[in-house]
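Me: Could you give me a close look at one part of this model, starting from a single loop and working inwards to whatever packs behind it? Keep it informal, but stay with what the coordinates show.

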Amino acid sequence: TEHDRCSTQPPPGHTGRGRCARLRRWRLRCTVARWSTGDHRRSVCRCSIASSAPLPRVSAALQRNARLRILAIGSSSTVGIGASSPRTTYPAQFEEILAKALNGFDIEVVNRGISGEIAAQTAERLKAEVETLKPDLVLWQVGTNDALRGVPVWQFEATVLDVVRWLKDGRADVVLVGLQYTPRYSRDDHYALIRQGIQRIATSENVLLVRRFDAMQFIARTR
């Protein structure tokens, strides 16, 4: 439900053979959810803000006890505009809380954010970074600048869909990190259409979507 929470105990069915691998994957999804809501300092997380989808390359890396390399790419929210220091950017915080959630594993989060980019600009850079870094997982924060600059919805969807399919073709798992929330943006029709576009892609391609807009809206309304 909307208010389901994750604690240190695994959900039902996480027992028996394969328990450890399933628990690690569950903790990873919860960690993504906690980071995106700004809930990383609390003992619980709201997993409903992140859709459920398989992360086969992440699972394989965890099962091999191999280094888990994550590429965080996007615009100002990724690069850390407004952050007090490099250690307080979301990729740095994500690496820290993920290392705690997956204690004993070698975790590396690489920050490749550039302020002001739209999806089409990030797309080519993302492909080059993936070819160089060979990450297990790509976190792509995308959509806000496209919405603000009036990029046509069909063009935005085509760009993101092309990259998602390219990544899924044996290159890396992908998590889409959706648009941010402000009261002003919540009333903008084009902003809503871009949000709907990224949701359609996540559903059709069965990739994990962090519903950042919903999470930020929830926090704003419950302060």
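## From a loop into the core

Reply: Let's start at Asn206, which sits in the loop that links helix 8 to strand 5 (208-210). Keep in mind that this is a predicted model. Asn206 has a phi of about 55°, a positive value, even though it isn't a glycine. Most non-glycine residues have a negative phi. As for cover, Asn206 counts as partly exposed, with a relative accessibility of 44%.

There is another residue of this kind, Lys134, in the loop between helix 5 and strand 3. Lys134 isn't a glycine either, and its phi is positive, near 55°. At 53% relative accessible area, Lys134 is classed as exposed, since the cut-off for that class is over 50%. Asn206 follows helix 8 into its loop and Lys134 follows helix 5, so let's go to those two helices, citing the loops they lead into.

Helix 8 first. Its axis and that of helix 7 come within 10 Å of each other, crossing at roughly 25°. That angle makes the two roughly parallel, because anything under 35 degrees is counted that way. The crossing of helix 7 and helix 8 is right-handed. On the helix 7 side, the contact is made by Val153, Phe156, Glu157, Val160, Leu161, Val164, Arg165 and Lys168. Helix 8 answers with His190, Leu193, Ile194, Gly197, Ile198, Arg200, Ile201 and Glu205.

Helix 7 also packs against helix 5. Here the axes come within 9 Å and cross at roughly 10°, so helix 5 and helix 7 are roughly parallel as well. Helix 5 brings Ala119, Ala120, Ala123, Leu126, Lys127, Val130 and Glu131 to that contact, while helix 7 brings Phe156, Thr159, Val160, Asp162, Val163, Trp166 and Leu167. Compare the two lists and you'll find Phe156 and Val160 of helix 7 in the contact with helix 8 and again in the contact with helix 5.

Val163 is a good residue to stop at. It belongs to helix 7 and is buried, with a relative accessible area of 0%. Leaving aside residues up to four places away in sequence, Val163 touches Ala123, Leu126, Lys127 and Trp140. Val174 is 11 residues from Val163 in sequence, and their C-alpha atoms are 9.6 Å apart in space. Val174 has a partner from much earlier in the chain too: Val58, 116 residues away along the sequence, has its C-alpha 9.9 Å from that of Val174. Val58 is part of helix 2 (residues 56-63) and counts as buried at 1% relative accessibility.

That takes us into the nonpolar interior. The largest nonpolar core has 35 residues, and the ones touching the most other members are Leu126, Val138, Trp140, Val160, Leu167 and Leu176. Two or more residues each come from strand 1 (68-74), helix 5 (119-133), strand 3 (137-141), helix 7 (153-168), strand 4 (173-177) and helix 8 (189-205). Helix 7 gives the largest share, seven residues. In soluble globular proteins, nonpolar side chains tend to be buried together.

Val138 shows how those pieces meet. Not counting residues up to four places away in sequence, Val138 touches Leu71, Ile73, Leu126, Val130, Leu167, Ala172, Asp173, Val174 and Val175. Apart from this largest core lies another one of 24 residues, with Phe94, Leu98, Leu102 and Ala215 among them.

One last stop is helix 9 (residues 212-222), where you'll find Gln217. Gln217 is buried, at 16% relative accessibility, because the cut-off for that class is under 20%. Ser186 is 31 residues from Gln217 in sequence, with a C-alpha to C-alpha separation of 9.0 Å.

Now step back to the whole chain. There are nine helices and five strands, running α-α-β-α-α-β-α-β-α-α-β-α-β-α from the N terminus. Of the 223 residues, 49% are buried. Taking contacts between residues at least 6 apart in sequence, 74% join residues at least 24 apart. The accessible surface is about 11,100 Å², and carbon and sulfur atoms account for 48% of that.

Terms used: Residues are numbered from 1 along each chain as its sequence is written. This is a predicted model: local features need pLDDT of at least 70, side-chain atom pairs count only at pLDDT 80 or more; totals for chains, interfaces and linings use all residues. Side-chain values use heavy atoms; hydrogens and water are left out. Helices (H or I, at least four residues) and strands (E, at least two) are DSSP runs, numbered from the N terminus. Buried means under 20% relative accessible area, exposed over 50%, partly exposed in between (1.4 Å probe, protein chains only). Contact means heavy atoms within 4.5 Å. Accessible areas come from the Shrake-Rupley method with a 1.4 Å probe; for residues, only the protein chains shown count as cover. A nonpolar core is a set of buried Ala, Val, Leu, Ile, Met, Phe, Trp, Tyr and Cys residues joined through side-chain atoms within 4.5 Å. Axes are lines fitted to C-alpha atoms, for helices over the stretch in contact, and angles run from 0 to 180 degrees between N-to-C directions. Angles under 35 degrees count as roughly parallel, over 145 as roughly antiparallel, 65 to 115 as roughly perpendicular and the rest as oblique. A crossing is left-handed if the near helix is turned anticlockwise from the far one by less than a right angle, and right-handed if clockwise.
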